[in-house]
Amino acid sequence: MVKLAELERFYKFKNIQSGCPTCGKSSWVLADAPDEQTAWSLASVREDGNAVFPSPSVPVIAMVCDHCYTLKTHASLPIREWLKANKA
């Protein structure tokens, strides 16, 4: 799991602005995963409404604005790889 401090380090290195696109505040909270072995992901769905199992998905880091509750996601795999290559 990526910690908030690690994500902030990634933001600083990449010069990413952390302000919320909805309210402009910069107070984010990582969305808690259901447990230590589970990560959030964006699942794909078929446009015709039929289910596909297993559903292709993209693992994400989910963040919630602590002011207006806007949800923001990042693809987690490339960030985790960057963190491994750029240890603090």
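Hi everyone. Let me start with a term: a polar contact is a pair of N or O atoms within 3.5 Å, where one must be able to donate a hydrogen and the other to accept it. Keep that in mind as we look at this structure, which is a predicted model.

Our example of such a contact is Thr70, whose side chain reaches the side chain of Thr22 at 2.9 Å. Where is Thr70? You'll find Thr70 in the loop between strand 3 and strand 4. Buried or exposed? Thr70 counts as buried, because its relative accessibility is 17% and the cut-off for buried is under 20%. Beyond four places in sequence, the contacts of Thr70 include Cys20, Trp28 and Met63. In that same hairpin, Tyr69 has a positive phi near 70°.

Now let's follow the strands. Strand 3 pairs with strand 4 in antiparallel fashion through 5 bridges, and here Ala62 sits opposite Thr73. Strand 1 also runs antiparallel to strand 3, with 3 bridges; Trp28, which we just met, faces Cys65 there. Strand 2 is another antiparallel partner of strand 3, again with 3 bridges, and Ala43 is matched with Ser57.

Finally, helix 1, residues 4-14. Leu7, Phe10 and Tyr11 are buried here. They lie on the same side of the helix, because they span an arc of only 100° around its axis. Turn to the other side and you meet Ala5, Lys12 and Phe13, which are exposed. What do the buried residues of helix 1 pack against? Their partners are strand 1, strand 3, strand 4 and helix 2. Just after helix 1 comes Asn15, with a positive phi near 60°.

Note on methods:
Residues numbered from 1 in each chain as written. Predicted model: local features only at pLDDT ≥ 70, side-chain atom pairs only at ≥ 80, totals over all residues. Heavy atoms only, no water. Buried < 20%, exposed > 50% of the residue type's maximum accessible area, 1.4 Å probe, protein only. Helix = DSSP H or I, 4+ residues; strand = E, 2+ residues; numbered from the N terminus. Arc of directions from axis to C-beta. Contact = heavy atoms within 4.5 Å. Pairing = 2+ DSSP bridges.
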